[in-house]
Amino acid sequence: MAEIRCPMCSKPNPEDADTCSFCGARLKPLVADSPEEPSPVGSPQEEGQGEPVPDWLARVRSKAEADRGEDDEETDVPESADDESGSPDWLGRLRQAEPLQDEGPPEGYIPDWLDESSEDASASPETEVPLEHETPAEHEAQAGPPSPDRPETGWLDRLRAESTSEVTSEESIDEEDSSAPEQELFDPGAGDALDWLGDLEESASDEPAPGSAAEGVSPWADYETPPEAEGEVSLGGETQAEAPDDWLSDLGGEGGEPGGLPDWISELSEPGEEVGDEAAASFGGEDELPASPEFEPSLGSEESGLPDLEAEPLGPPGEDAAPLEPSEVIDEGQAGDFDWDEVEFDWDSEEIQDKLPEEPLEAPEPPEPEAAELPHVPALIMGDADDEPKSDVQDFDLSTVELPDWLSEVRPDAGEGEAGRGDLAPATIPTWLEAMRPVETFRPVIDIEPEEEQAVESVGPLAGLRGVLLAEPVVAKPHTATTSGARLEVTERQFAQAELLQRIVEQEEHEIPATVQGKRAWPVARWLVSLIMLLAVLIPAVAGAPVFPIPQRVSRDLGPLVGIVNTLPTDRPILMVFDFEPGYSGELDAVAEPLIESLLARGINIVTVSTRPTGPPLAVDLIDKIGAPYQIENGRNVLHLGYLSGGPSAVQLFSAAPREAILKGFELPPEMSGQSAWASPLLSDVHSLSDFGMVAVVAAGTDTARTWAEQAHPWMGDTPLVMVLSQGAEPLIRPYFESLTPQVNGILSGLPTALAYEQLNGRQGMAFNRWNGFGAGAFAAEWLILAGAVYGAITWFMRRRRA
Amino acid sequence: MKLGAYVIWAAVATATGLFVLLGYFFQLDLLLGLRLLLIQWAVLLAAGALFLGLYNLLSVHWTKVSLQEGGWPYSALLILMFLVTLVLGLLFGPDYQAVMLLFRYVQLPVESSLLALLAVSLTLAGFRMLSRRRDLASLVFLGAAFLTLLGTAPWPVGADSSLALLVGDMRAWMSQVVAAGGARGILLGVALGAITTGLRVLLASDRPYGD
């Protein structure tokens, strides 16, 4: 795909783009390209398709011809109708184009090349990467020869070359059209020395146009750099000084004349004279230039069937054309007037520098094939293009031309002739563009050495070439590291975690100082509380004082329990479950004692079981202790089934089938040694839990009590379930007791209730004996807690007061 | 979900649960017999679990003694007494006099003493509570404990006074209304949790026996 390089930032853009996608600058200038001429490159094919000659030019041309006797009939300038209003079209276009002089990139925009130069001083604007279809030699040619006196860089050269190529192509076409015999010169059959030209002709006949943008590859690409092409580049881009000599010498060698001019140049020179003569005859003198720079039917068109290069105008050379490039001289058809061996090019001379921008006017060249491949948009303000009509005007007597008023004002300057024209600036660069030019400070970064000192490239595709731009200053020079790319974006959470990790690591590194084992404070409070509690329990037990009064109020839970016990049948044993740990025996023994005593007093047999391994011994000791006054016998009044292992499942199994749950007994009487407890006559009628007269569960914890209440109740039938509980477990079992369909029929909990039950039984038991100690200990605990609360409140108040 | 052996275990668990559950609703001999059989198996498994617990306890303390870790003499004593009790129990039964002697004069006093120390420790904690932590929860907790003790324990003087009766009523209200209310809530939560767990096991959604 063809690309257009932006004149501002030199970056490639699509061919059909109107503005640069990088800097926003206009790519298709309104001055050079009218809507009727869409291709900025000025392809010969398009240009040859009836581009109308401006009316002013036709007018001027006809006027000049009339003044010269109209001896040149071949100059066929189509004369269009003038605008009656006196404002010609070209003037309108010029007026349209005037505001474009102020056109520039957006405000504050800095092109990439300038930005890069400011960032990296080593980057030179001359280190331009050649395009793909551009050979390194061509790239060098475009870059121009290094000259300290000529600070223009490649981009400016390209601008000039572009404008020059357009102008010269127009002129060449026009001149070719005006001098038809020139076509005979480039007839492929004219000589063998024009083989390359013949190839071009053939290719041109096959292809629509060699210079069209659609062609892509130049016919010169596979050929060595043609002199015209180099000359074209040299005109606009101030090529290297070595270029003319090299290609001339090479061509000379090829032409079979060692050290001389190539054949094609030699043959060109002779017809050049012819053409020059004809042109002189046509334009009335040797000093006169081709009258019209206007495009006439291009050589690349179907009419001629020749590529554009064949349209080289061979006009008469100017007097100051000697030091110019050979290509230019050849283009002017003056190759035979110069001794090429003696030609020396002093590119630094002011004469050449002044001449270079003006050469296209004097030596139009064929359209450059590379220009089609590398379509560069001409500068918005093209000094050369502006100079061109001036030079044309100078060829005529402007006094005879009817000009607008504003143009009449500039008439004296325009009529100064060659001398005045030489003072004109080669190009007018807008101030903003001038300000954006690379400054001199960038240039010394890569000092281009003189040709003699430049090293010859030894490797790579550029091997053998001299003056190749080195990549080391760009690649190997250490650049300042950009911190933006290496900077890690850390979130607050990550930062916090990193800090935490850092602290942990630092703490790991620190050596923890050995803690000095100071004297532990004497736990005064602990010992004091322990001592008070111990004395509170011991003194009543030892001294019998103080005496706490027996509560007169009886718990409301005691009545149902007493009623159940009093109504139990005496022929059915009751089952007592001892499910508590030995630590709770001090409380539960005293609580269960009145119940057991009342049962024994009524002659009810008792069968014990436990779901805890420590339960059977507790049951044996308690019943033996309580039943001693009642002369109970093991196996006759009391039977211990022992340990029921299995937890809740065992409770359910025992409830459903007691005989299958427990196969042995605990502390069975000697006569039942080796037998099962179920062999005892006491359990002869018991086959299920409902066969017991009552089930009393003595439990300290809520879980055990709930297990029995939940698992055994479905199998109990009418058998009442009584809970003998610790004071702390009573609240959680009470819901089973207070429900509408109670699963627990009676509750006995707490020492006061046991004491009350003893009072009902008319016998003082363990509850009575422990009542004073229990009262004293509880009283001490109450006052200790109260004292601690007062102490804490005082200290808190004093601390606040100090604060 | 990938099918595997857990399907068998899930089917067994579900069927077992359903049979036991149906025994509560249908008084069929077949269901009752099957239910009792399954429960007996469960009891045997529980007894086996008890032995596993004993083995684990023995191995842990044996490791401590072998590695001479801190407090290894206590572990050695535990192992010694464990073996003695086990041997005596296996040989002579749990109601052997020597075993009963060990229980009556070693285990029972030790556990009772530990529970007695709990009373002293709780009293000390109540004494320090307001000195260490002064907030509303501490005040409420301490006030409830003081009021319960005051309402439960006998008064040395004025036991029949109106104040003592008032405090007794307050204690009864606290234990039978406030505490019972909280206890019912806890029981309801426990019941709902048990139902949910049972359903999950029955539906094989929860497989405590593993996949």
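I began with the contact between two helices of chain B in this predicted model. On the helix 1 side of chain B, I listed Ala13(B), Thr14(B), Gly17(B) and Leu18(B), and these meet Gly198(B), Val201(B) and Leu202(B) of helix 6 of chain B. I sorted the residues of this contact by type and got 4 nonpolar, 3 polar and no charged.

Next I looked up the geometry of the pair. Helix 1 of chain B runs over residues 6-25 and helix 6 of chain B over residues 162-202; their axes come within 8 Å and cross at roughly 130 degrees. I therefore noted helix 1 of chain B as oblique to helix 6 of chain B.

I then moved to chain A and helix 24, residues 524-543. Helix 24 of chain A has 20 residues, and I read 27 Å from its first C-alpha to its last, close to the 28 Å expected at 1.5 Å a residue.

Which residues of helix 24 of chain A are buried? I found Val529(A), Met533(A), Ala536(A), Val537(A) and Pro540(A). They lie on the same side of helix 24 of chain A, because they cover an arc of only 80 degrees around the axis. I checked what these buried residues pack against, and noted helix 34 (771-802) of chain A together with helix 4 (97-132) of chain B.

On the face of helix 24 of chain A turned away from the buried side, I recorded the exposed residues Val524(A), Trp527(A), Leu531(A), Val542(A) and Ala543(A).

Last, I looked at what comes after the helix. Gly544(A) follows helix 24 of chain A, and I noted its positive phi, near 75 degrees.

Key: Residues numbered from 1 in each chain as written. Chains lettered and ligands numbered in written order. Predicted model: local features only at pLDDT ≥ 70, side-chain atom pairs only at ≥ 80, totals over all residues. Helix = DSSP H or I, 4+ residues; strand = E, 2+ residues; numbered from the N terminus. Expected span 1.5 Å × (residues − 1). Buried ≥ 20, exposed ≤ 12 C-beta atoms within 10 Å, placed from the backbone. Arc of directions from axis to C-beta. Contact = placed C-beta atoms within 7 Å. Axes fitted to C-alpha atoms, helices over the stretch in contact; angles between N-to-C directions. Parallel < 35°, antiparallel > 145°, perpendicular 65-115°, else oblique. Nonpolar A, V, L, I, M, F, W, Y, C, P; charged D, E, K, R; others polar.
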